[in-house]
Amino acid sequence: MAGRLAGRLVLVTGAGSGIGCATALRAAAEGADIAAVDLAPDGLERLVDDVRRLGRRAEARQADVSDADAITAAVGELARELGPLHVAFANAGTLTRRTTLTELDLDEWNRVIAVDLTGVVLTFRAALANFHPDGGLLLACGSSLALRPGTGLLPYVAAKAGVHAVARSLALELAPRGIRVNVIAPGLTETPMTRGMDGHIERGLESVPLGRLVELSDVAALAVHLMTDEARSVTGSVFPVDAGRTAV
Ligand SMILES: NC(=O)c1ccc[n+]([C@@H]2O[C@H](COP(=O)([O-])OP(=O)(O)OC[C@H]3O[C@@H](n4cnc5c(N)ncnc54)[C@H](O)[C@@H]3O)[C@@H](O)[C@H]2O)c1
């Protein structure tokens, strides 16, 4: 069995689209089996077919990462079917509409924090209960917007900054168990999430030094590198992949 992730089981949330889908496929190409979670069914079915075509095992569950019972049950069932986890990539996320502090809607704040921050914590907790005794990696998807916030996306930048802090704290808590914890912080990447918001890509590109969108393969390559033994000394770190957005 060839590949840097041969014999490993990788859990990916938000696996039906964008960064999660690209990362799951790249991990499978490196020999990993895939346990996939998403809120939406269509992308999951496609991903499972694509992973199996690569000769790897794949199972999927529909679950909301902000629902503690649902994500705990989904991850438990996937681990019973596929075995103990070596990697959990808490990638599922949602963006928010632009608003000022004065116009901030509390329901929207709570919705985004629930998915983008609490969802990561719940995913990690569910994964930990099903982890391989040899340890592995908890990886979260943060954002360049947590490092360089800009304006108007308060719940999103707060949630992602929380994700960065949670991961660094967990890196300390889980080091004795041989579990590494890291964050990738993508910049503006063209996915259904960013395409779905009018003017988001055009506005965002103005502050990107390389002047281009980050590609899905750029993000997936970094995520998969962190999953491999080549990154065995890397924990408690946040890695921007943002075409220079946070350099200025
Ligand atoms: N695209 C960008 O420019 C960019 C930049 C920085 C960070 N990110 C982060 O990357 C991650 C992936 O986003 P993407 O750009 O690939 O978007 P995407 O919309 O293509 O994918 C997000 C996936 O998450 C799923 N999802 C959303 N809410 C969920 C929930 N409550 N439970 C389970 N699944 C849920 C969606 O169904 C979707 O399949 C997110 O955490 C996002 O915040 C994206």
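**Exercise 1. Find the volume of the largest pocket and describe its lining.**

Solution. Begin with the space itself: in this predicted model, the largest pocket holds about 1000 Å³ of space. Next, turn to the residues around that space, where you will find that 46 residues line the largest pocket, and that Thr 94, Leu 95, Tyr 156, Thr 191 and Met 193 are the ones nearest its centre. Then sort the lining by class, which gives 19 nonpolar, 20 polar and seven charged residues. Finally, look at the secondary structure: at least two lining residues come from each of helix 1, strand 2 (33-38), helix 5 (144-147), helix 6, helix 7 and helix 8 (200-205).

**Exercise 2. State what takes up the space of the largest pocket, and describe the shell of residues around the ligand.**

Solution. The first step is to place the ligand, and the space that the ligand takes is the largest pocket. The second step is to list its surroundings: there are 26 residues around the ligand, and those that come nearest are Ser 17, Asp 38, Tyr 156, Thr 189 and Thr 191. The third step is to divide this shell by class, with twelve residues being nonpolar, eleven polar and three charged. The last step is to trace the shell back to the helices, since helix 1 (18-29), helix 6 (154-174) and helix 7 (192-195) each contribute at least two residues, while the largest share, three residues, belongs to helix 7.

**Exercise 3. Identify backbone atoms that pair with nitrogen or oxygen atoms of the ligand, and then say how much of the ligand the protein buries.**

Solution. Take the pairs one at a time, keeping in mind that a polar contact requires two N or O atoms within 3.5 Å. At Thr 189, a backbone N or O atom lies 2.7 Å from an oxygen atom of the ligand. At Asn 91, a polar backbone atom is 2.8 Å from an oxygen atom of the ligand. At Leu 39, the partner on the ligand is a nitrogen atom, which is 3.3 Å from a polar backbone atom of this residue. To finish, consider the surface: the ligand taken alone exposes 830 Å², and the protein buries 91% of that.

**Exercise 4. Describe the second largest pocket by its volume and its lining.**

Solution. Start again with the volume, which is about 200 Å³ for the second largest pocket. Its lining consists of 13 residues, and Arg 8, Gly 135, Gly 136, Arg 180 and Asp 229 lie nearest the centre. Sorted by class, the lining of the second largest pocket contains three nonpolar, five polar and five charged residues.

Notes: Residues are numbered from 1 along each chain as its sequence is written. This is a predicted model: local features need pLDDT of at least 70, side-chain atom pairs count only at pLDDT 80 or more; totals for chains, interfaces and linings use all residues. Side-chain values use heavy atoms; hydrogens and water are left out. A residue is near a molecule or strand if one of its heavy atoms lies within 4 Å of it. A polar contact is a pair of N or O atoms within 3.5 Å; within protein, one must be able to donate a hydrogen and the other to accept it, and residues adjacent in sequence count only if both atoms are side-chain atoms. Accessible areas come from the Shrake-Rupley method with a 1.4 Å probe; for residues, only the protein chains shown count as cover. On a 1 Å grid over the protein atoms alone, a cavity is a set of points where a 1.4 Å probe fits but cannot get out, and a pocket is an open set with protein on both sides within 12 Å along at least five of seven lines; lining residues have an atom within 4 Å of a point. A molecule sits in a cavity or pocket if more than half of its atoms lie within 2 Å of its grid points. Helices (H or I, at least four residues) and strands (E, at least two) are DSSP runs, numbered from the N terminus. Ala, Val, Leu, Ile, Met, Phe, Trp, Tyr, Cys and Pro count as nonpolar, Asp, Glu, Lys and Arg as charged, and the others, Gly among them, as polar. Grid points are joined across faces, edges and corners, and a volume is the space filled by probe spheres set on the points.
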